[in-house]
Amino acid sequence: MKKDELPKDLSSDELINLYKKMLLIREFEQRITKDTGKIKSPLVHAYTGEEAIAVGACAAINEDDYITSTHRGHGHFIAKGGDINSLMAEIYGKEGGICKGRGGSMHVADFSKNMLGANGIVGAGPPLALGVALASKMRNEGKVVLTFFGDGAANQGMLHESMNLAAIWKLPIIFVLENNKYGWSTPVDYATVIKDLSLRAQGYGMKGFTIDGNDVIEVYKTIKEAVDIARKGGGPTLIECKTYRWQGQTTMDADKYRLTEEKEEWKRKCPIEKFKIRLIKNEVFDRAIIQKIGEDTLEQIDQSVKITKKSPKPDINTVLDDIYKNPMNLGGN
Amino acid sequence: MTEETKTMRGLEAIRLAIEEEMERDDSVFLIGEDIGRFGGAFFVTEGLLDKFGSERVRDTPISENAILGCAVGAAMVGMRPIAEIMFADFLTVCMEMIVNQAAKARYMYGGQISVPVTIRVPFGTGIMGAAQHSQSFESWFMHVPGLKVVLPSNARDFKGLMKTAVRDNDPVIFFENKRAYYQTGEVPLDKNFTIPFGQARKFTEGDDVTIVATGAMVLESINAARKLEAENIHCEVIDPRTLVPLDKDSILNSVEKTGRLLIVDEGCKTCSVSAEIAAIVAEEGFHFLKKRIIRLNTPNVPIPYSPNLEKAIIPNAKLIQENVKKLT
Ligand SMILES: Cc1ncc(C[n+]2csc(CCOP(=O)(O)OP(=O)(O)O)c2C)c(N)n1
Ligand SMILES: [Mg+2]
């Protein structure tokens with residue numbers, strides 16, 4: 001079999017880790033969104049089909065670098081090293097959740113991993129990323145920020161203000177645009193006239209690239225380059241990753257606005273399957289290892305389900321905790 | 001003559017009102033995210049694209065400022081846009097167009113123009129929407145002179161008030177309670193059926209306690225009042241229906257009769273609808289009161305995700321019952 005170019009800076013273990021992470025995200029989303037009778041499905045925005053972006057991008061930054069996420073945040077959470085037990089418990093509104101059941105799926109955040117939060121407001125991540133990047137710059141920390149947002153968010157005013165400010169101050173931000181072709185039901189080619197959204201970068205005087213978001217290596221390499229530039233003070237980059245979400249906008253969405261053929265076509269471009277074949281070709285791993293990874297992944301998720309089920313509901317007497325850092329008397333009923 | 005009605009859900013009543021007004025007046029058009037082909041996040045506008053075409057049912061990118069800019073600007077030159085902001089929570093993104101533009105234009109420009117825009121916003125709890133998809137912002141807008149604030153609680157009122165909103169010549173923000181979307185009611189089919197702004201609706205009659213409630217709290221209050229009947233406590237449940245203009249007289253007249261007032265709304269307590277109503281009654285009807293006023297609100301806390309936490313902070317029939325008894 002013919003071997004192809006895999007990045008030389010990634011060891012076999014690291015390559016296998018990319019695969020493991022993508023699979024973990026996939027199986028995690030499958031478990032909570034498909035009714036298998038093991039645990040009931042809540043309302044979530046599943047990341048299925050887009051795994052290569054979060055995983056490739058987060059592999060290109062350091063553990064202490066930052067990310068901001070979106071309403072479709074489970075993948076970013078896992079890719080940044082968040083713990084899936086506390087992620088699942090959060091999605092089920094349990095006390096053991098990463099936000100103690102207060103936030104839910106749309107607000108998962110792990111500040112110990114510098115995962116600065118999923119967000120219910122489309123387009124609200126990038127402005128926050130400005131401040132995070134600015135703090136890093138002012139304190140000479142050399143840390144960068146990846147700010148994930150969708151093709152829908154790309155048309156929010158907040159995003160445009162953010163790109164401009166990041167450019168003039170040369171802030172260490174990578175704008176990671178996850179173009180999955182739809183903002184809810186609205187096709188990207190209805191919502192925007194240009195074909196490649198990375199073209200927007202030009203208008204703000206930064207570099208922009210459009211890449212295959214289903215190729216984890218391409219995502220990794222492109223983000224890595226942008227990160228190196230940003231770390232050296234070269235300012236922000238916009239990277240548009242073309243991809244597709246396999247499931248409805250949410251688990252409640254009947255998804256009638258997309259053609260079955262289109263969905264099938266993109267399933268054939270599965271980022272995980274593609275990468276698996278590539279790793280086999282390059283003799284990074286073999287069927288036996290793949291099998292083992294698959295089993296381990298499912299076991300981890302089974303474990304999360306168990307922990308989630310055991311985790312208590314939040315105590316209603318604590319509902320007014322955590323509003324302020326410095327407690328004060330709250331008005332109430 | 002008996003009124004011809006049809007049983008429908010709240011969201012269908014709004015749709016019917018919009019449809020009738022679009023048929024009646026060519027200057028009415030819809031603008032918002034996913035409202036056309038998809039039919040809207042809560043399917044309020046489903047089917048209207050097919051009926052009226054994409055010129056009048058306009059899907060937009062995710063750009064709330066542009067949506068409201070478009071609607072307010074068009075209204076300034078004589079169109080009658082109905083803009084949908086998918087969740088009230090996202091009003092924060094486009095406050096400028098509402099507060100500094102729509103609300104101010106008429107007065108600031110010396111009465112030269114009017115701004116007949118209707119801004120529709122689903123609001124409230126009950127869908128596990130957590131902190132950014134559950135909020136009740138209605139009182140914020142009561143604080144802005146130039147806006148009218150409408151908050152129906154049931155299908156019939158949805159229809160009548162939506163029609164009035166569209167025909168009204170001032171900017172109207174129309175709060176649509178998510179729970180009320182799915183509750184059915186008898187809705188008049190008469191195309192001339194409208195409900196004037198500034199007229200409260202009384203749901204039950206009684207001499208003991210006045211309960212003023214808005215949105216989802218109206219049904220909770222009615223349920224509480226029914227239970228209390230069994231204990232020989234008779235409550236008057238009043239829904240103001242429009243917060244600006246507010247029907248002070250209906251509230252004061254009722255308090256004059258009962259001498260006792262309980263106010264229930266879903267917004268956070270501080271500077272809420274209940275705060276305004278309590279202040280009015282304290283100021284203008286103090287001499288009627290035999291007991292202190294009680295307000296039931298969501299405490300000042302972001303809406304938590306976990307359903308048991310959410311349930312714990314939102315007023316309900318049981319809490320209303322208990323508090324009515326404190327007044328009797
Ligand atoms: C300010 C704001 N407007 C609208 C919404 C409702 N909404 C949630 S997700 C979504 C689509 C977002 O599309 P995109 O940015 O492409 O992300 P994707 O869902 O495709 O990952 C919309 C309209 C929101 N949450 N916030
Ligand atoms: Mg999208």
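**Helix packing, a magnesium site and backbone features of the predicted model**

In H8(B), the buried residues are B:Ala216, B:Met217, B:Val218, B:Glu220, B:Ser221, B:Ile222, B:Ala224, B:Ala225 and B:Leu228. The structure examined here is a predicted model. Helix H8 of chain B comprises residues 216-229, 14 residues in total, and its first and last C-alpha atoms are separated by 21 Å, close to the 20 Å expected at 1.5 Å a residue. The cover over the buried residues of H8(B) includes both strands and helices of chain B: strand S7 (172-177), strand S10 (209-213), strand S11 (235-239) and strand S13 (261-268), together with helix H7 (178-181) and helix H12 (317-327).

A second helix of chain B, H4 (residues 95-108), has B:Ile98, B:Val99, B:Ala102, B:Ala103 and B:Ala105 as buried residues. These residues pack against helix H3 (64-76), strand S5 (118-123) and helix H5 (138-142) of chain B. Just after H4(B), the backbone takes a positive phi of about 65° at B:Gly110.

In chain A, helix H12 (residues 287-310) contains 24 residues and spans 35 Å from its first C-alpha to its last, close to the 34 Å expected at 1.5 Å a residue. Its buried residues are A:Ile290, A:Ile293, A:Thr297, A:Ile301, A:Ser304, A:Val305 and A:Thr308. Among the elements that cover them are helix H1 (12-33), helix H4 (84-91) and helix H11 (271-281) of chain A.

Two packed helices are described by the angle between their axes and the distance between the axes. For H1(A) and H12(A), the angle is about 45° and the axes are 10 Å apart. H1(A) is therefore oblique to H12(A), and the crossing of the two helices is right-handed. From H1(A), the contact involves A:Ile16, A:Tyr19, A:Lys20, A:Leu23, A:Leu24, A:Glu27, A:Phe28 and A:Arg31. The residues contributed by H12(A) are A:Ile290, A:Ile293, A:Gly294, A:Thr297, A:Leu298, A:Gln300, A:Ile301, A:Asp302 and A:Val305. Of these, A:Ile290, A:Ile293, A:Thr297, A:Ile301 and A:Val305 are included in the buried set of H12(A).

Another helix pair in chain A is formed by H2 (residues 51-59) and H9 (residues 216-231), whose axes come within 8 Å and cross at roughly 40°. This angle makes H2(A) oblique to H9(A), and the crossing is right-handed. On the H2(A) side, A:Ala52, A:Ile53, A:Val55, A:Gly56, A:Ala57 and A:Ala59 take part, and they meet A:Val216, A:Val219, A:Tyr220 and A:Ile223 in H9(A).

Chain A also provides the protein donors of the magnesium ion (ligand 2), namely A:Asp151 (OD), A:Asn180 (OD1) and A:Tyr182 (O), which lie 2.0 to 2.1 Å from the ion. Along the chain, the donors follow the spacing D-x28-N-x1-Y. Distant parts of the chain are linked by A:Asp151 and A:Tyr182, which are 31 residues apart: A:Asp151 is in the loop between strand S2 (145-150) and helix H6 (157-168) of chain A, whereas A:Tyr182 belongs to strand S4 (residues 182-183) of chain A. Both A:Asp151 and A:Tyr182 are buried.

Several backbone features were found in loops. Most residues other than glycine have a negative phi, and most peptide bonds are trans. A:Asn114, a residue other than glycine, has a positive phi near 60°. This residue lies in the loop between H4 and helix H5 (125-138) of chain A, and A:Asn114 counts as buried because its relative accessibility is 14%. In chain B, B:Met128 likewise is not a glycine and has a positive phi of about 55°. B:Met128 occupies the loop between S5 and H5 of chain B; with a relative accessibility of 35%, B:Met128 counts as partly exposed. A cis peptide bond, with omega near 0°, runs from B:Val244 to B:Pro245. B:Pro245 is located in the loop between strand S12 (242-244) and helix H9 (248-258) of chain B.

A further loop of chain B, between helix H10 (273-284) and strand S14 (294-298), contains B:His287. B:His287 counts as exposed because its relative accessibility is 61%. The C-alpha atoms of B:His287 and B:Ile263 are 18 Å apart in space, and the two residues are 24 residues apart in sequence.

How values were computed. Residues are numbered from 1 along each chain as its sequence is written. Chains are lettered from A and ligands numbered from 1 in the order in which they are written. This is a predicted model: local features need pLDDT of at least 70, side-chain atom pairs count only at pLDDT 80 or more; totals for chains, interfaces and linings use all residues. Side-chain values use heavy atoms; hydrogens and water are left out. Helices (H or I, at least four residues) and strands (E, at least two) are DSSP runs, numbered from the N terminus. Buried means under 20% relative accessible area, exposed over 50%, partly exposed in between (1.4 Å probe, protein chains only). Donors are N, O and S atoms within 2.8 Å of the metal (3.2 Å for Na, K and Ca); water is not among the atoms, so sites may look incomplete. The expected span of a helix is 1.5 Å times one less than its number of residues. Contact means heavy atoms within 4.5 Å. Axes are lines fitted to C-alpha atoms, for helices over the stretch in contact, and angles run from 0 to 180 degrees between N-to-C directions. Angles under 35 degrees count as roughly parallel, over 145 as roughly antiparallel, 65 to 115 as roughly perpendicular and the rest as oblique. A crossing is left-handed if the near helix is turned anticlockwise from the far one by less than a right angle, and right-handed if clockwise.
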